[in-house]
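Here is a short set of exercises to work through with the model open beside you. Try each task before you read its solution.

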Amino acid sequence: LGNPCMGLDGDGIPGAAASGNGNGGGDDAAPSSSQQQIGWKGCRAYIVARLRQLQFLDGKEIKRSERILAMQQLPALTIELRLLAEKCKKERQLQKKTQLQDNEEAVDESYISDNASTHHNPET
């Protein structure tokens, strides 16, 4: 399915989920959540529970029964999302650290050795 960490901001909230006002017709529907496309199965329920005024999501009407079920699942989904966000944050930090180390090694290799000739002439 892909990386479930993509699309989560630092607080563990899906980035696309916070937009859209949900007042009705197709123009007010929230944009398609990247989380549904890449792996977090609880994304739709979380959005439906958190954005109570939202009437459509991903082009589908949010039915009353779906909203009730989502509200019941919200505490567990919130915990799951926080844990996922922590995991993703650690993964990003590890990737960043690895990239920095790789960059440092590449920079170290690019230095001119003491024995190498240069085109600089201090007398000119």
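**Exercise 1. A charged side chain and its surroundings**

Which residues does Arg67 touch, not counting residues up to four places away in sequence? Then find out how the charge of Arg67 is placed.

*Solution.* Keep in mind that you are looking at a predicted model.

- Step 1: Locate the residue; Arg67 is found in helix 3.
- Step 2: List the contacts. With residues up to four places away set aside, Arg67 touches Val48, Leu51, Arg52, Leu54 and Ile62.
- Step 3: Look for a partner of opposite charge. Arg67 is buried yet has no salt bridge, and the nearest side chain of opposite charge, that of Glu66, is 7.5 Å away. The cut-off for a salt bridge is 4 Å.
- Step 4: Look for a polar partner instead. The side chain of Arg67 reaches the backbone oxygen of Arg52 at 3.3 Å.

**Exercise 2. Salt bridges**

Determine how many salt bridges the structure holds, and say which parts of the chain are tied together.

*Solution.*

- Step 1: Count them; the structure holds one salt bridge.
- Step 2: Name the partners. Arg44 pairs with Glu66, and their closest N and O atoms are 2.6 Å apart.
- Step 3: Place them in the chain. Arg44 belongs to helix 2 (residues 43-50) and Glu66 to helix 3 (residues 64-110), so the pair ties together parts that are 22 residues apart in sequence.
- Step 4: Check the cover on each side. Arg44 is buried, at a relative accessible area of 15%, whereas Glu66 counts as partly exposed at 24%.
- Step 5: Recall the background: side chains of opposite charge can pair when their charged atoms come close.

**Exercise 3. Helix 2 and the core**

Decide whether helix 2 is enclosed or open, and find which elements contribute to the largest nonpolar core.

*Solution.*

- Step 1: Go through the helix residue by residue. Those that are buried are Cys43, Arg44, Ala45, Tyr46, Ile47, Val48 and Ala49.
- Step 2: Draw the conclusion. Because seven of its eight residues are buried, helix 2 is largely enclosed by the rest of the structure.
- Step 3: Turn to the core. The largest nonpolar core has 16 residues, and Trp40, Tyr46 and Leu57 have the most contacts inside it. Helix 2 and helix 3 are the elements that give two or more residues to this core.
- Step 4: Look at one pair across the two helices. Gln72 lies in helix 3, and its C-alpha is 8.5 Å from that of Ala49, although the two residues are 23 apart in sequence. Gln72 is exposed, with a relative accessible area of 58%.

**Exercise 4. An unusual backbone angle**

What is notable about the phi of Asp58? Describe where this residue sits.

*Solution.*

- Step 1: Start from the usual case: most residues other than glycine have a negative phi.
- Step 2: Compare. Asp58 has a positive phi of about 55°, although it is not a glycine.
- Step 3: Place it. Asp58 is in the loop between strand 1 (56-57) and strand 2 (60-61), and counts as partly exposed at 24% relative accessibility.

**Exercise 5. The whole chain**

Summarise the order of elements and the contacts of the protein chain.

*Solution.*

- Step 1: Count the elements; there are three helices and two strands, in the pattern α-α-β-β-α along the sequence.
- Step 2: Consider burial. Of the 124 residues, 25% count as buried.
- Step 3: Consider contacts. Among those between residues at least 6 apart in sequence, 59% join residues at least 24 apart.
- Step 4: Finish with the surface. The accessible surface comes to about 9000 Å², and 51% of it belongs to carbon and sulfur atoms.

Methods. Residues are numbered from 1 along each chain as its sequence is written. This is a predicted model: local features need pLDDT of at least 70, side-chain atom pairs count only at pLDDT 80 or more; totals for chains, interfaces and linings use all residues. Side-chain values use heavy atoms; hydrogens and water are left out. Helices (H or I, at least four residues) and strands (E, at least two) are DSSP runs, numbered from the N terminus. Buried means under 20% relative accessible area, exposed over 50%, partly exposed in between (1.4 Å probe, protein chains only). Contact means heavy atoms within 4.5 Å. Accessible areas come from the Shrake-Rupley method with a 1.4 Å probe; for residues, only the protein chains shown count as cover. Lys and Arg count as positive and Asp and Glu as negative; His and the chain ends are not counted. A polar contact is a pair of N or O atoms within 3.5 Å; within protein, one must be able to donate a hydrogen and the other to accept it, and residues adjacent in sequence count only if both atoms are side-chain atoms. A nonpolar core is a set of buried Ala, Val, Leu, Ile, Met, Phe, Trp, Tyr and Cys residues joined through side-chain atoms within 4.5 Å.
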